[in-house]
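Biologist: Hi! Could you walk me through this one? I'd like to start with the cysteines.

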Amino acid sequence: MDFVFKGDFKCTSGYKLPARKDHKGGDYVALQDKYIYAPCDGEIGSSTRVYVGKTAEWGNYIRLDTPDGKYSIFFCHLASRSVIKGQKVKKGDNLGVMGNTGKSTGAHLHLEIRLKGTSTTVDPFAFFGIPNKTFDSYNAIAPKKLESGN
């Protein structure tokens, strides 16, 4: 499965690390291309902006349901969305643009993976084969040594 950015990106917050044990996803910042791409084929289960309620902190978000029916991938804080609910997407399709909507302190992507239909989260770093740590630069297409991190 491909990652959601093309080119280099950094991680500003990992999955359930000691500093943020309640953080249920990963926070990433694209360093070049700010577009978000589908990491796999699937169907858009939701494409909306939430203003109130439990997920209002996500702002503009998309939920991509994987074709095997096991996972839902949430892409949060988007500046804009390029897909609609019910739309079938192919791996590599543009889903939207990284942004700063909802409860956010700067432009980034909060990526959260859940077992479909539940609130049980899955480590997105393990899911995509990326080290679960903060780092300044990484490229999932051509992995290289991480330049920094904790």
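Modeller: Happy to. Keep in mind that this is a predicted model. The structure holds 0 disulfides.

Biologist: And Cys11, is that buried or exposed?

Modeller: Cys11 is buried, because its relative accessible area is 3% and the cut-off for buried is under 20%.

Biologist: What about Cys76, buried or exposed?

Modeller: Cys76 is buried too, with a relative accessible area of 0%.

Biologist: New topic. How many helices and strands are in the protein chain?

Modeller: The protein chain has 1 helix and 12 strands.

Biologist: Where does the helix come in the order of elements?

Modeller: Reading from the N terminus, the order is β-β-β-β-β-β-β-β-β-β-β-α-β, with the helix just before the last strand.

Biologist: What share of the residues is buried?

Modeller: Of the 150 residues in the protein chain, 47% are buried. As for the outside, the accessible surface is about 7,500 Å², and carbon and sulfur atoms account for 49% of that.

Biologist: Which contacts link parts far along the sequence?

Modeller: Take the contacts between residues at least 6 apart in sequence: 59% of them join residues at least 24 apart.

Biologist: Can we zoom in on a single residue? Where is Ser47?

Modeller: Ser47 sits in strand β4, which covers residues 42–49.

Biologist: Why is Ser47 classed as buried?

Modeller: Because the relative accessible area of Ser47 is 16%, and buried means under 20%.

Biologist: Which residues does Ser47 touch, leaving out those up to four places away in sequence?

Modeller: Ser47 touches Tyr61, Ile62, Arg81, Val83, Ile84 and Lys85. With Val83 there is a polar detail as well: a polar atom of the Ser47 side chain lies 2.7 Å from the backbone oxygen of Val83.

Biologist: And what is the distance in space between Ser47 and Ser80?

Modeller: From C-alpha to C-alpha, Ser47 and Ser80 are 10.0 Å apart, while in sequence they are 33 residues apart.

Biologist: Last topic: confidence. What is the mean pLDDT of the protein chain?

Modeller: The mean pLDDT is 85, and 85% of the residues reach 70 or more.

Biologist: Which elements have the lowest and highest values?

Modeller: Among the elements, strand β12 (residues 135–138) has the lowest mean pLDDT, 63, and strand β8 (residues 88–89) has the highest, 98.

Biologist: Where does pLDDT stay under 50?

Modeller: Over residues 142–150. For that stretch the model has 18 contacts beyond four places in sequence.

How values were computed: Residues numbered from 1 in each chain as written. Predicted model: local features only at pLDDT ≥ 70, side-chain atom pairs only at ≥ 80, totals over all residues. Heavy atoms only, no water. Disulfide = S-S within 2.5 Å. Buried < 20%, exposed > 50% of the residue type's maximum accessible area, 1.4 Å probe, protein only. Helix = DSSP H or I, 4+ residues; strand = E, 2+ residues; numbered from the N terminus. Contact = heavy atoms within 4.5 Å. Areas by Shrake-Rupley, 256 points an atom, 1.4 Å probe, with all protein chains shown as cover. pLDDT = per-residue confidence, 0-100. Polar contact = N/O pair within 3.5 Å; in protein donor to acceptor, adjacent residues only side chain to side chain.
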